[in-house]
Structures are given as structure tokens and as C-alpha cells.
Amino acid sequence: MSRVEIMTGNQAAALGARLARVQVVAAYPITPQTSLTETLAQLIESGEMQAEYIRVDGEHSALTVCIAASTIGARAFTATSANGLLYMHEQIHWAAGSRLPIVMCCVNRGVGAPWTIFNDQQDSISQRDTGWIQLYCRDNQEIIDTVIQAFRIAETIYCPVMVCYDGFVLSHTLMPVEIPEEEKVDAFLPPYRPHTILDDTNPRTINPVMFADLRANAEGILCDGYMEIRYKLEYALKGALKTIQDVSDEYALVFGRDHGGLIWEYKTSDAEVILTGMGSIATEATIAADILREKGIPAGVVGIRAYRPFPTEALIRALKRARSIHCLEKAVSYGFAGPVYTDLRAALYGSECDAQMQDYITSLGGRDIQPSTIAEVVLNRIKSDAFDGRFREPIWINCRTE
Amino acid sequence: MDKTKDPNISAMCTLAVGEAGRTGDWRSFRPVIDHGKCIPSQKGRSACFLCWLYCPEGVVRAEIPITIDMEYCKGCGICAEECPAKAITMVKEEGHE
């Protein structure tokens, strides 16, 4: 029988990794991720989890160990936050380019300078273009379920997956979490089969220097050049849209919980005003939508769970009836706008959705935001007579901007 | 096997001559052996072979007379530097004036 326990987001992530029968963990502590890896260290030390916990000198080494482990056929897991994630950056590209199905939790935290240990999503957003799948969770139940799903997705299409969730807001907040049954997880997630394996009876060089053009190898096979390998990665990530949805649907059938796959919706059937975002800010937006409905505004929420690959078609379907879309973002692409707004505006351009769009930058470095404030700024915005289709500067909520 | 398609999803290669391409065309100086000085040629038996030992590309053949695979010799000049008989001269390739 599955059972319900009260736990933090970090404990939920650690239990997800244990249920996924992770074989190698290499991680370096950083707030707010630390209690995740501490939990894993305890589970491994006590023998409750059969895995190697490899201590490393930093995050770059942590992911390097996972890359080596995954290459020889071990299921590998790591976790980090903020500057730790940035320190991994080179290896984040390397894991994706090597098509290794590593799963990493990014416990979202603002990036220094100046130092902050508190939550926003600038860290994972800054790793957007590395070729990793990025899934954003909205509560602790979704974290445990998504870690399990992430390995299934990663090992189906051979791409690494970053499971992102908000630091402190979820990582250190206690919530009831239903723990999936081991036997069901084992059936859902078969053992990892690597696409390539290092083997001393069949020696090969993995990731040699590539030249610009294709070339024939010793057997006369015309091998891919750098550009073809990169195209295969892009093609795999686009294909992941279906895999993420399929895995989510199957998970819902087996475990009875549906987190929506690519996106999720709240009161959208009659909604004209749509709030959107990723992670816990989108959960908070559901309360703001209810406040707006009390004021007679037909509001709803479309939460984005998969940010890479970007679910263009699913979003067009979900947003085609919207008259205005309001993006709540915990990150900035400095010099332009928030990343969700940027991508969503590009995805919707020329589609059947011709809604007006406004971007909001909120909660950087843990600045608090209440649902009533979200409702208020959205209400002010839709009442504004200047709401035309043109690009407008993002509104920074709860920020002294003068 | 379909020789027009690479089945691998990541880059890899097996150990084989030429896996890194025809590196000989990187060369701007070519090694020219004077067999009137080269020790194995002079003695008529296996001896010295320091050029073979030191060549980082493995393109020197330890035979009599010594030959060099110019398809893959990058022209680094290590053989000329190591030759105790000063039998190897690095000569500019055409077009590398």
C-alpha cells in the first residue's frame, strides 16, 4: 500500500530518487538543496538505499561523476541550486551532448551577485539552452512523482532532465505526500539500458574532436559531423514533448495522480484572462484567479510544467480563447523581458491565439508576493486603456522602480 | 549495414587509422630522410629507430629503409630533432612560403 507522510520538497525529491533505484549519487551541498543530499546520504549510509554516494570537491565534479557513471550504465542523480548550478555549466552541456539520461534536481534560488539564498528561477533559466529537459513542479507531491517520471523520460529518449522546484517555498515546506509503492515504481521504471557503453573488449573513443564535415570511419560508414549530432539532440528534445505527455499519462493511470504532462490548467474553460507561470508562482496564481473571479473577471491559470522542450502546440490549444495573458516570472532575460513571456509571445505569434500579453517580473531573491497583489496588478493592467498588441516593458511587482 | 547513416546518437569512434581525418594536409614542413646518414640504412640492420620511438603520430615505419606515412604525418619535426645522425631535414611544403 502507498502511504502518506508529511515531508519537505527536498525529502520528497530524495525519496523519489530512492524509489527510482538511483545507483550513483554525486552532489555538493548548497542552500537550499542541502537537505536533499543529506537525506540521500542518510538513506545510503543506513542501507535503506543501495547506491554509491560519491563525495566531490564541487558541483563541476559532481556532474562529471554522474556523466562517467551514466556512461558506463549506472542510473545517476545529482542536485544543486543557483551558483552551484552555474559552476556545473560546462558539464551540463556535456551531459546533454553525450545524450546521458541523468536526472538533476535544481532547487531554484536566485543567482549572485549580490548573494541571495532565497528563491527565484534565474538559475535554471540561465541553463535553458544546454539541451536538458526542464520540468517545473508546483508542490511536494509533484516533486516525488516528477523525479520518478524524469528517469523514465530521460531513459526513453536519452536526454538529461532537470527537475526544478522553488527553494524554501517547496524545498523546506512540509506538505502531505503520498509515497508511491516500490513494486509499482519498479514496473513503471525498468532498469536503465545505456545507448553506448564503455567496454574494454570493444574499445572506442567517446566524444572525439569533430570536424565540420561528415567523414567515413574505418568501416566506411559516413559518420555524423558536429552539426548532425547537434541536430539529433534538438530532434530528440522536440520528440520529448510526446514522451513527457505519454509518461505523465501512464503515471496517472498507474498511480492515480495527473500533474498535467506539459502544462496544467485551472478554471480555463470560460476564462478570458489567463495567468501563466512556472512552479509555485503558478499555484499562487490560482488563488489570484479566484480573487479576480469574485470581482467578476473570468480568470484562469495555465501552468507551464515543461519549459524545455517548450510546449508550443499545447499552449496554443490552451490559450486560444484567452483575451489577455499575464506572465508571472521569477527570472529576467536581462535587456529584454522575462523568459516565459519571450517564448510564449514567439510561440503564439501568427497562431489562432491573438490575446494581448503582459509580462510581470516578481519575487526575485525571495521577495514575497500575495495572491491579492497578483490579482490587483492584473486587474489594473486589464483596465488600462493602453492594452494594445505592441511590446510593453515588463511590470516589476513589489519593487521600488523609481 | 546502411553506410549512409550513422546509427549513434552521440559522437564516438573506434581505434583505426585515419579516424581523425587526413592529418597529413595539416603539414607545412615535410621530413626528408638522407639514407646516406640514417643509421639502420647505413648498418643494414635494425638499429636506432629513435624517430619511430618518438613520433607522436605513429607514422614512422621501423623498417629498412625507414619510411614515413605522409598521409598522416603532421610535420611536427620531432623525428628530425631526435635523430642522432642528423639524417632528417624538415623541408617547407609548397604553398607554405
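# Exercises on a two-chain model

Ring pairs join A:Y136, A:Y307 and A:F310 into a cluster. The exercises below concern a predicted model, and each is followed by a worked solution.

## Exercise 1. Aromatic rings and charges over them

Task: Establish how many aromatic pairs the structure holds, describe the pair formed by A:Y341 and A:F391, and state which rings have A:R152 and A:R308 over their faces.

Solution.

Step 1. Over all chains, the structure holds nine aromatic pairs.

Step 2. A pair of aromatic rings is described by the distance of the centres and the angle of the planes. For A:Y341 and A:F391 the centres are 6.0 Å apart and the planes make an angle of 55°, and the pair is tilted.

Step 3. The two residues are then placed in the chain. A:Y341 belongs to helix α12 (residues 339–348) of chain A, whereas A:F391 lies in the loop between α13 (371–383) and β18 (395–396) of chain A. With these positions 50 residues apart, the pair links distant parts of the chain.

Step 4. The burial of each partner follows from its relative accessibility. A:Y341 counts as buried because its value is 0%. A:F391 has 31% and therefore counts as partly exposed; the range for this class runs from 20% to 50%.

Step 5. Two arginines remain to be assigned. A:R152 lies over the face of A:F188, at 4.7 Å from the ring centre. A:R308 lies over the face of A:Y307, also at 4.7 Å from the ring centre. A:Y307 is, in addition, a member of the cluster with A:Y136 and A:F310.

## Exercise 2. The fold of each chain

Task: Describe the secondary structure of chain A and of chain B, and compare the radius of gyration of each chain with that of a compact globule.

Solution.

Step 1. Chain A comprises 13 helices and 18 strands. Chain B has three helices and five strands, and from its N terminus the order of elements is β-β-α-α-β-β-α-β.

Step 2. For 402 residues, a compact globule would have a radius of gyration near 21 Å; chain A has 21 Å and so agrees with this expectation. Its C-alpha atoms fill a box of roughly 70 × 50 × 45 Å along the principal axes.

Step 3. For 97 residues the corresponding radius would be near 13 Å, but chain B has 17 Å. The C-alpha atoms of chain B fill a box of roughly 50 × 35 × 20 Å along the principal axes.

Step 4. Burial is considered next. In chain A, buried residues make up 57% of the 402 residues; in chain B, 33% of the 97 residues count as buried.

Step 5. Contacts in sequence complete the description. Of the contacts in chain A between residues at least 6 apart in sequence, 79% join residues at least 24 apart. In chain B, residues 24 or more positions apart account for 63% of the contacts with a separation of 6 or more.

Step 6. The accessible surface is about 17100 Å² for chain A, with 53% belonging to carbon and sulfur atoms. For chain B it is about 6100 Å², again with 53% from carbon and sulfur atoms.

## Exercise 3. The interface

Task: Determine the area buried between chain A and chain B, and identify the three residues of chain A that supply more of its buried area than any other three.

Solution.

Step 1. The size of an interface is often given as the accessible area lost when the parts come together. Between chain A and chain B this area is about 1900 Å², of which carbon and sulfur atoms give 59%.

Step 2. A:F211, A:R215 and A:I221 supply 23% of the area that chain A buries against chain B, more than any other three residues.

Step 3. The contact as a whole takes 25 residues from chain A and 17 residues from chain B.

## Exercise 4. Backbone features

Task: Locate the cis peptide bonds at A:P114 and B:P65, and the positive phi angles of A:Y158 and A:N207.

Solution.

Step 1. A:A113 and A:P114 are joined by a cis peptide bond with omega of about -10°. A:P114 lies in the loop between β5 (103–108) and α6 (122–125) of chain A.

Step 2. B:I64 and B:P65 are likewise joined by a cis peptide bond, with omega of about -5°. B:P65 is in the loop between β3 (60–61) and β4 (67–68) of chain B.

Step 3. A:Y158, although not a glycine, has a positive phi of about 55°. This residue is in the loop between α7 (140–157) and β7 (161–166) of chain A. Its relative accessible area is 18%, so A:Y158 is buried.

Step 4. A:N207, also a residue other than glycine, has a positive phi near 55°. A:N207 is placed in the loop between β9 (204–206) and β10 (215–216) of chain A.

How values were computed. Residues are numbered from 1 along each chain as its sequence is written. Chains are lettered from A and ligands numbered from 1 in the order in which they are written. This is a predicted model: local features need pLDDT of at least 70, side-chain atom pairs count only at pLDDT 80 or more; totals for chains, interfaces and linings use all residues. Side-chain values use heavy atoms; hydrogens and water are left out. Rings of Phe, Tyr and Trp (its six-membered ring) pair if their centres lie within 6.5 Å; planes under 30 degrees apart count as stacked, over 60 as edge-to-face and the rest as tilted. Helices (H or I, at least four residues) and strands (E, at least two) are DSSP runs, numbered from the N terminus. Buried means under 20% relative accessible area, exposed over 50%, partly exposed in between (1.4 Å probe, protein chains only). A charge sits over a ring if NZ of Lys or CZ of Arg is within 6 Å of the ring centre and within 35 degrees of the ring normal. The radius of gyration is taken over C-alpha atoms; the globule rule is 2.2 Å times the number of residues to the power 0.38. Contact means heavy atoms within 4.5 Å. Accessible areas come from the Shrake-Rupley method with a 1.4 Å probe; for residues, only the protein chains shown count as cover. Buried area is the accessible area (1.4 Å probe) that two parts lose on being put together, summed over both.
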